[in-house]
Amino acid sequence: MTKPLLVVKNLQKRFLLGRAWFQEPTYVHAVNGVNVTVSEGETLGIVGESGCGKSTLGRCILRLIEPSEGEIIFQGSDIRAYGKSDMQNIRRNMQMVFQNPFDTLNPKLTIQHILTEPLIAHRIPKEQRQPLIEETIEIVGLSKRHLARYAHEFSGGQRQRIGIARALMLRPKLIIADEPVSALDVSIQSQILNLLQDLQEQFSLTYLFISHDLSVVEHIADRVAVMYLGEVIELAKKEELFQRPLHPYAQSLLSAIPVSDPDEKRERIILTGDLPSPSNPPTGCKFHPRCWACMDKCKKEPPALKEVEGRMVACYLY
Ligand SMILES: Nc1ncnc2c1ncn2[C@@H]1O[C@H](COP(=O)(O)OP(=O)(O)O)[C@@H](O)[C@H]1O
Ligand SMILES: [Mg+2]
C-alpha cells in the first residue's frame, strides 16, 4: 500500500469557451492544479458536486483528453511525453469504467465481440483469447451463454458487469471508475461495489473511484480527495474525513449525508449561493462566497493545500 502507482502533479485542463472579436479568449478551468498520489492496491475516491472537474481529471490521467499542464507519472515515468504507440502500451495497464455502459457498449456487437476488441488491439495471441474471455465473463458474475447476446438484452447492473469485464480483459493495474454505480438502483449499486472490491483483491487492482455520491465513496475508498471548482480542497483518510471534515466545503458536503444511527446528531449545513461558474471563478479561495467562516484574506489570496493533522487541507482556518 505504500509504493505510488500514479502520481499526478499540478494537472490542469482548460477548455476554450470562445473568443469574441478583439477580446481575450475565455476558458473553463475544469481542472486547476491537482496533485494526487495513488498507491498500489489502494482506492482513492474523488468527490465533489457535478461540474467540479472529476470526469475531466479522470480522462486527463488516461489522456483520453489532453491535459493543458502538469505531469502524470505512472509506474515511475511521465506518460505525458509518450507518443501514440507507447500510450497504447500503457493503456493495457490503465483502464476506465464509465457511468453508463449502454453509451459505451456498441449495440451492434455481441458481448463476445466487445470483449475480443481489446485483445485484438493489444495483439493477444488468438489461442489465448477465448479462454480469457470465458474466464473474465464468469469472474464478473455472468456466464459463457451471455457472450452471444447484445448489450440491450441486459439489465443496467449486468451491463455494468460487462463494462467491468471489458476493462479487466487486459488485466490492468489501475482502473479509473467514473461514477460506475450512479446510474443504478441502490440495491444493484452494492452488488457492483462488492464486485469491484472482490476484483481488487483478486487482481491487486488500484482504483481511482470518482463519484458525486459520498455514501458510495464511503463504502469503497481508502482515502478521499474532495474537489471544488477544479481543485482538491481536502485530501484525507476516509475515516478521518467522514468523522471530522476540516474544510468548510467538506463539512457542508458531509452534513448532507443521511445518518443511519438515530443517536448520532449531525447538523445539516445549507450552503447559500450557487456553484460559481468555472469560467469566471471567484478570486482568492474559490469557496469564499459560500463560506460561513470567510475572512478578509480568503477573498484575496487562494490558500495553498497544506498538511494539517496528517491530512491535506486548503483553508486559512488551519
Ligand atoms: N469538452 C468540454 N468543453 C468545454 N467545457 C467542458 C468540457 N468538458 C467539461 N467541461 C466543463 O468543465 C467543468 C468540469 O466538468 P466535468 O469534469 O464533467 O465535471 P464533473 O465530472 O465533476 O461533473 C464543467 O464546468 C464542464 O462544463
Ligand atoms: Mg462527471
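**Exercise 1. Determine where Leu229 is found and whether Leu229 is buried or exposed.**

Solution. Step 1: locate the residue. In this predicted model, Leu229 belongs to the loop that joins strand S9 (223-228) to strand S10 (231-237).

Step 2: inspect the backbone. Leu229 is not a glycine, yet its phi is positive, near 45°.

Step 3: classify the accessibility. The relative accessible area of Leu229 is 2%. Buried means under 20%, so Leu229 is buried.

**Exercise 2. State the phi of Glu179, its place in the chain, and whether it is buried or exposed.**

Solution. Step 1: take the torsion angle. Glu179 shows a positive phi of about 50°, although this residue is not a glycine.

Step 2: place the residue. Glu179 lies in the loop between strand S7 (174-178) and H7.

Step 3: apply the cut-off. With a relative accessible area of 9%, Glu179 falls under the 20% limit and is therefore buried.

**Exercise 3. Describe how the protein is divided into domains and give the separation of the domain centres.**

Solution. Step 1: list the segments. Domain 1 consists of 4-93 together with 174-313, and domain 2 of 103-171.

Step 2: give the separation. Taken over C-alpha atoms, the centres of domain 1 and domain 2 are 29 Å apart.

Step 3: count the residues in contact. Domain 1 contributes 16 residues to the contact, and domain 2 contributes 14 residues.

**Exercise 4. Characterise the area buried between domain 1 and domain 2 and identify which residues of domain 1 lose the most area.**

Solution. Step 1: state the area. About 1,300 Å² is buried between the two domains, and 69% of this area is on carbon and sulfur atoms.

Step 2: name the residues. On the side of domain 1, the most area is lost to domain 2 by Arg92, Leu195 and Phe203, which together account for 39% of what that side buries.

Step 3: add the specific interactions. Between the domains there are 0 salt bridges, while 3 residue pairs are in polar contact.

**Exercise 5. Identify which elements give two or more residues to the side of domain 1 that touches domain 2, and state the composition of that side by class.**

Solution. Step 1: name the elements. They are helix H2 (84-91) and helix H7 (186-203).

Step 2: find the main contributor. H7 gives the most, with 8 residues.

Step 3: sort by class. This side of domain 1 has 10 nonpolar, 4 polar and 2 charged residues.

Terms used. Residues numbered from 1 in each chain as written. Chains lettered and ligands numbered in written order. Predicted model: local features only at pLDDT ≥ 70, side-chain atom pairs only at ≥ 80, totals over all residues. Heavy atoms only, no water. Domains from an automatic or database assignment. Contact = heavy atoms within 4.5 Å. Buried area = accessible area lost by both parts, 1.4 Å probe. Salt bridge = Lys/Arg side-chain N within 4 Å of Asp/Glu carboxyl O. Polar contact = N/O pair within 3.5 Å; in protein donor to acceptor, adjacent residues only side chain to side chain. Helix = DSSP H or I, 4+ residues; strand = E, 2+ residues; numbered from the N terminus. Nonpolar A, V, L, I, M, F, W, Y, C, P; charged D, E, K, R; others polar. Buried < 20%, exposed > 50% of the residue type's maximum accessible area, 1.4 Å probe, protein only.
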